[in-house]
Amino acid sequence: MRSIAVTFTFAILLFWVEPLQIHANNSVSAFVQNVIYSNRIALFSKSYCPYCLRAKRMFAELNEQPFVVELDLRDDGYQIQGVLLDLIGRRTVPQIFVNGKHIGGSDDLSAAIQSGELQKLLSAS
């Protein structure tokens, strides 16, 4: 009798908890999409990451102000990285988007600056 009660309780917990997890994942995905498409420059970062600091410095030298999401300072940072993995195939930081277009990391940003591609993307807005 006791195992039936435990099984029943477990089934109810699965029924009630699972939709909340799905909702949370959809919410995180919506947040990421909103950040990418609502900001001229979006930078997913970690506050201690030297490559992220390099990317922020490059934007500062260009007098550009990215919208920065510091993943290590957010409770849902790991989930955001999962969404980025689904979207672009990478979960590393930094991940930079300009006018909704994925640029890549700090080396990619440097290359886009050198080639003039970044200025083209920025002037498109």
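Trainee: Quick one to start: does Y78 count as buried or exposed?

Mentor: Exposed, because its relative accessibility is 64%, and the cut-off for that label is anything over 50%. Keep in mind that this is a predicted model.

Trainee: Okay, and which helix is Y78 in?

Mentor: Y78 belongs to helix α3. That helix covers residues 77-88 and packs on the sheet.

Trainee: What sits over the ring of Y78?

Mentor: The charged end of R91 does, at 4.5 Å from the ring centre.

Trainee: How far apart are the C-alpha atoms of Y78 and R91?

Mentor: They are separated by 9.1 Å, with the two residues 13 apart along the chain.

Trainee: I also saw R74. Which ring does its charged end sit over?

Mentor: That would be the ring of F31, with the charged end of R74 4.3 Å from the centre.

Trainee: Let's zoom out. What does the secondary structure come to?

Mentor: Five helices and four strands. From start to end of the sequence they follow α-β-α-β-α-β-β-α-α.

Trainee: And in what order do the strands line up in the sheet?

Mentor: The order is β2-β1-β3-β4, in an open sheet with mixed pairing. The edge positions go to β2 (67-70) and β4 (101-104); each has a single partner strand, so one side of each has no neighbour in the sheet. On average, neighbouring strands are turned by 20° against each other, direction ignored.

Trainee: How do β1 and β3 run, and how many bridges join them?

Mentor: They run antiparallel, joined by four bridges. One to look at is I41, whose bridge partner in β3 is V98.

Trainee: What's the partner of V98 in β4, then?

Mentor: K101. The strands β3 and β4 also run antiparallel, with three bridges between them.

Trainee: How many residues lie between the strands in that hairpin?

Mentor: Two residues, and N99 in this hairpin takes a positive phi near 50°.

Trainee: Back to the helices. Which strands does α2 lie across?

Mentor: Helix α2, residues 50-61, lies across β1, β2 and β3, and runs at about 160° to β1. Helix α3 touches β1, β2, β3 and β4, and its direction makes about 60° with that of β3.

Trainee: New topic: how many aromatic pairs are there?

Mentor: The count is one. F44 and F97 form it, edge-to-face, with 6.0 Å centre to centre and 85° between the planes. The cut-off for edge-to-face is over 60 degrees.

Trainee: Where in the chain are F44 and F97?

Mentor: F44 is in strand β1 (residues 41-45) and F97 in strand β3 (residues 95-98), so the pair links distant parts of the chain, 53 residues apart.

Trainee: Why does F44 count as buried?

Mentor: Because its relative accessibility is 0%, and buried means under 20%. F97 counts as buried too, with a value of 4%.

Trainee: What share of the whole chain counts as buried?

Mentor: Of its 125 residues, 34%. The accessible surface comes to about 7,900 Å², and carbon and sulfur atoms hold 58% of that.

Trainee: Last one: what share of the contacts with a separation of 6 or more comes from residues 24 or more positions apart?

Mentor: Those residues account for 58% of such contacts. The F44 and F97 pair, 53 residues apart, is a nice one to bring up on screen.

How values were computed
Residues are numbered from 1 along each chain as its sequence is written. This is a predicted model: local features need pLDDT of at least 70, side-chain atom pairs count only at pLDDT 80 or more; totals for chains, interfaces and linings use all residues. Side-chain values use heavy atoms; hydrogens and water are left out. Rings of Phe, Tyr and Trp (its six-membered ring) pair if their centres lie within 6.5 Å; planes under 30 degrees apart count as stacked, over 60 as edge-to-face and the rest as tilted. Buried means under 20% relative accessible area, exposed over 50%, partly exposed in between (1.4 Å probe, protein chains only). A charge sits over a ring if NZ of Lys or CZ of Arg is within 6 Å of the ring centre and within 35 degrees of the ring normal. Contact means heavy atoms within 4.5 Å. Accessible areas come from the Shrake-Rupley method with a 1.4 Å probe; for residues, only the protein chains shown count as cover. Two strands pair if DSSP finds at least two bridges between them. Axes are lines fitted to C-alpha atoms, for helices over the stretch in contact, and angles run from 0 to 180 degrees between N-to-C directions.
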